[in-house]
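Student: I should like a close look at a single part of this structure. Please describe one helix and its surroundings in a connected account.

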Amino acid sequence: MDIEREVTLTVNGTRYTRVVSVRKLLCEFLRDDLDLTGTHVGCEHGVCGSCTILVEGHTARSCLMMAVQADGTEITTIEGLAKDGRLHPIQEAFWEEHGLQCGFCTSGLLLTVHEFLSDRRDPSEQNIREALAGNICRCTGYQNIVKAVAKADRLWER
Amino acid sequence: MRPAPFEYAVAADVDQAIGLLGQFGDEAKVLAGGQSLVPMLNFRLVRPRYLIDIGRIKGLDFVSLVDGGLHIGALTRQRTVERSDLVRDVCPLLAEAIKHVGHQQTRNRGTIGGSLAHADPAAELPAVVTALDARLRLKSIAGERVLQAREFFQGSLTTALRPNELLVAVEIPSWPIGTGSAFCEYSRRQGDFAIVGAAAVMQREANGRVARLGIALIGAGDRPFDATSIATDWLIGQIPDEANCKAAAEEIGASVEPDSDIHAPADYRKHLATVLAGRALLCAAQRAVIPGRERGNGH
């Protein structure tokens, strides 16, 4: 039984090894230990979707994982989406369609949309709205977010 | 730091996990996908002294066809079940219900066993395995026990699992191809916990009469409400139709004893139980392929 453990994981292509408290959440580890503060923490119980990241390419709530559970995994956070100073097409689409207001929920939304669009083309508006159901925007800007997802589907060559 | 202090161990295999549970079970919690446990840790609603992480155990993640039924390992991710062709073909009720379990972000991590062992009275999977008359396989250093789903769920967040036991698999019996099933729930948003839901499965004979059925409700009490015996009285040996499904549903609605809470008052839940039980029974009946007839469709 341990109260601290060493973890090694890859975040946005960079390998990190750190000793962490076993009760540190993955979102806290990313923000406090790795200074990757683009992952936002809202509700802290898996309801709001702000802290969504990709673990092994699949979305996960980083407030519902202990950092020790991520040992050995490959993670993408919002900081890993833009490449070489160019926004990802999903980010481009959110910008063009004004798919954000305060921006707090945006990083989680972008990664949710990344998984949603990565294996489908031409989703219906109904599909888009269902895919976004796990991400809460308290500026209530859903209309433009839905438009942004439809645009991202067209912009993203995949 | 959100969770209260605990000590943590990773179990490499089932033997190690049940060894640790044998040693620390009274003060330990098992961590699998963490999608139900970690929120409770974050709010300090649970403060276990020890956390036993079973998430890295190999061989507890499987979906297999056994004697026409399905055996599903406790660590199988909900998303794996959602995408499984085998589950869709052999157990369409589970395939339909799993889409209502949380959101994709939580189904990617959440496990079948975790949801069952957590036993939230509004969760979908406990009702599904109750309706299907499934068994749960529990393991401890003392040996194995197999319990029927209806014995396993004992109250809100309470199961028959002993402190030293690990849920290792759920075993869904064979329901012949052509059996109809339906899962209906009402929730405020896609992916939210259900206010009330109903899972129904129905097998019909060549003459169209009901041979066997199962139905269970969620959000209508402190555990899945097994309404199989009520529906059996109304429907076994009958040709199911709107009238007799509705009659069964009305008795089910009158029998459930839900509590009022912030989401819905008890009388509204009773109303929903009646409506959704009726809808699930009739839909299951319509989906059942009657042997030797062309009409009807499985899924």
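Tutor: The account below concerns one helix of chain A and what it packs against. This is a predicted model, in which local features need pLDDT (the predictor's confidence in each residue, from 0 to 100) of at least 70, side-chain atom pairs count only at pLDDT 80 or more, and totals for chains, interfaces and linings use all residues. Residues are numbered from 1 along each chain as its sequence is written, while chains are lettered from A and ligands numbered from 1 in the order in which they are written. The model scores ipTM 0.95 and pTM 0.95.

The part chosen is helix H2 of chain A, residues 89–96; helices are DSSP runs of H or I with at least four residues, numbered from the N terminus. Within H2(A), the residues A:Ile90, A:Gln91, A:Ala93 and A:Phe94 are buried, a term that requires 20 or more other C-beta atoms, placed from the backbone, within 10 Å of the residue's own. Seen down the axis of H2(A), these buried residues fall within an arc of 160°, so they line one face of the helix; the arc is that of the directions from the helix axis to the C-beta atoms.

The buried residues of H2(A) pack against two helices of chain A, namely H3 (106–118) and H5 (142–155); contact here means C-beta atoms, placed from the backbone, within 7 Å. Just after H2(A), A:His98 adopts a positive phi of about 50°.

Turning to the contact between the chains, chain A and chain B contribute 26 residues each. On the side of chain A that touches chain B, strand S4 (residues 58–61) gives the most, with 4 residues.

Methods: Buried ≥ 20, exposed ≤ 12 C-beta atoms within 10 Å, placed from the backbone.
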